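Here is a brief structural report on one protein chain. Please look over the sequence and the model before reading on.

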Amino acid sequence: MTAMLEVNDLHVSYGKIEAVKGITFSVDEGQVVTLIGTNGAGKTTTLRTISGLLRPSGGSISFQGKPIHSVAAHDIVALGIAHSPEGRRIFPRLSVEENLILGAFARKDQAQIRTDLHAAYDLFPILGERSKQPAGTFSGGEQQMLAMGRAMMSRPKLLMLDEPSMGLSPLMMKRIMSTVRTLQSQGTTILLVEQNAQAALKLADKGYVLEVGSIVLDGTGQELLASDDVRKAYLGED
C-alpha cells in the first residue's frame, strides 16, 4: 500500500547551512504521525518544505503517489494538504469568520464552505460565539483553535500542525490535543510537530525523533514513550 505522504532523502538548506539532512519518513492514511525534537532540529523546516513554502535541495516528496516537491504552495493546498503554522499566523484585524473563510480560498463550492464554517464552530464553539470579533483580541489558545479551524476550511486530507500547544496553559493544551484525536476520528490524517513530546507520542500512531536535521529514532508512539533515550532527552526523566 502506498503511503499518503512519502518523504524520501529530503535535504533542505538555508544558503550554505543544511537544516534537513536526508530524512525519510511516511504518513499512512488515517494516522497521527509526530515529529519531535529540540529547537533547530529541522521540524518546522520539514513542514514548510512539504507545504511548498521552501524548496528542497535534494530528495523527493510525494502525496497520494504524486511528486509535489516542485509544486506551488497554493496548488499543494488544493491537492489536500493544509498547514497550521507555528505561531498561529492569524490575521488580527480580520474577524474570526473572515479568518476562517480565508482558509477556503482555493475552493469554489460556496454552499459547502458555509457547511464547513458551521463544522468549525461545532468543533470550537468559542469561534461561533465570537465570530464577528477581531481575531487579534483572542487569547493564545483561542487563536490556536482559530488557526486549526482555518486549516480545516480547505477540507484537507492531510493536516499539518506545527507546535499547536506552544505557549498554552496545560488545560488548553489538553483541549487542543483532544481536538487532534477528534479530527483523526473524523477521517483527517495528521502530521504533528510538537515540542511536548509526551503529549505528542501519546496521540501518535508513529513517531520520528529529529536531531540537527537527521532522524535518529523512529517507532510507534508507545515504543518511543518507552525508549530510555527519549525519556532522558525529551521527557525529563532519569
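The report below moves from the whole chain to its sheets and then to two single residues.

## Basis of the model

This is a predicted model; local features need pLDDT of at least 70, side-chain atom pairs count only at pLDDT 80 or more, and totals for chains, interfaces and linings use all residues. Residues are numbered from 1 along each chain as its sequence is written, and side-chain values use heavy atoms, with hydrogens and water left out.

## Overall build

The protein chain holds 10 helices and 10 strands. Both are DSSP runs, numbered from the N terminus: helices are H or I with at least four residues, strands are E with at least two. Along the principal axes, the C-alpha trace spans about 45 × 40 × 35 Å. The radius of gyration is 17 Å, which agrees with the value near 18 Å for a compact globule of 238 residues. That radius is taken over C-alpha atoms, and the globule rule is 2.2 Å times the number of residues to the power 0.38.

Of the 238 residues, 52% count as buried. Buried means under 20% relative accessible area, exposed over 50%, and partly exposed in between, with a 1.4 Å probe and protein chains only. Contacts are heavy atoms within 4.5 Å. Among contacts with a separation of 6 or more, 66% join residues 24 or more positions apart.

## Surface and charge

The accessible surface comes to about 11,000 Å², and carbon and sulfur atoms supply 51% of it. Areas come from the Shrake-Rupley method with a 1.4 Å probe; for residues, only the protein chains shown count as cover.

There are 24 positive and 25 negative side chains, and the centres of the two sets lie 7 Å apart. Lys and Arg count as positive, Asp and Glu as negative; His and the chain ends are not counted. Each charge is placed at NZ of Lys, CZ of Arg, CG of Asp or CD of Glu.

## The open antiparallel sheet

An open sheet has 4 strands in the order β2-β1-β4-β5, with antiparallel pairing. Strands β2 (17–27) and β5 (66–67) stand at the edges with a single partner each, so one side of each has no neighbour in the sheet. Two strands pair if DSSP finds at least two bridges between them.

Strand β1 (residues 5–14) joins β2 through 8 antiparallel bridges. Tyr-14 stands opposite Ile-17 in β2.

## The enclosed strand β3

Strand β3 covers residues 32–36, and 5 of the 5 are buried, so the rest of the structure largely encloses this strand. In a regular strand the side chains alternate between the two faces of the sheet. On one side of β3 lie Val-32, Thr-34 and Ile-36, on the other Val-33 and Leu-35; all are buried.

β3 pairs in the parallel sense with β8 (residues 189–193) over 4 bridges. Leu-35 has Val-193 of β8 as its bridge partner. β3 also runs parallel to β9 (residues 206–211), again with 4 bridges. There, Ile-36 is matched with Val-209.

## Two buried residues

Val-96 sits in helix α3 (residues 96–102). Its relative accessible area is 0%, so Val-96 is buried. Beyond neighbours within four places in sequence, its contacts include Leu-127, Arg-130, Phe-138 and Leu-146. The C-alpha atoms of Val-96 and Gly-213 are 36 Å apart.

Thr-188 lies in the loop between α7 (170–185) and β8. With a relative accessible area of 6%, Thr-188 is buried. Leaving aside neighbours within four places in sequence, Thr-188 touches residues including Met-152, Pro-156 and Leu-183.
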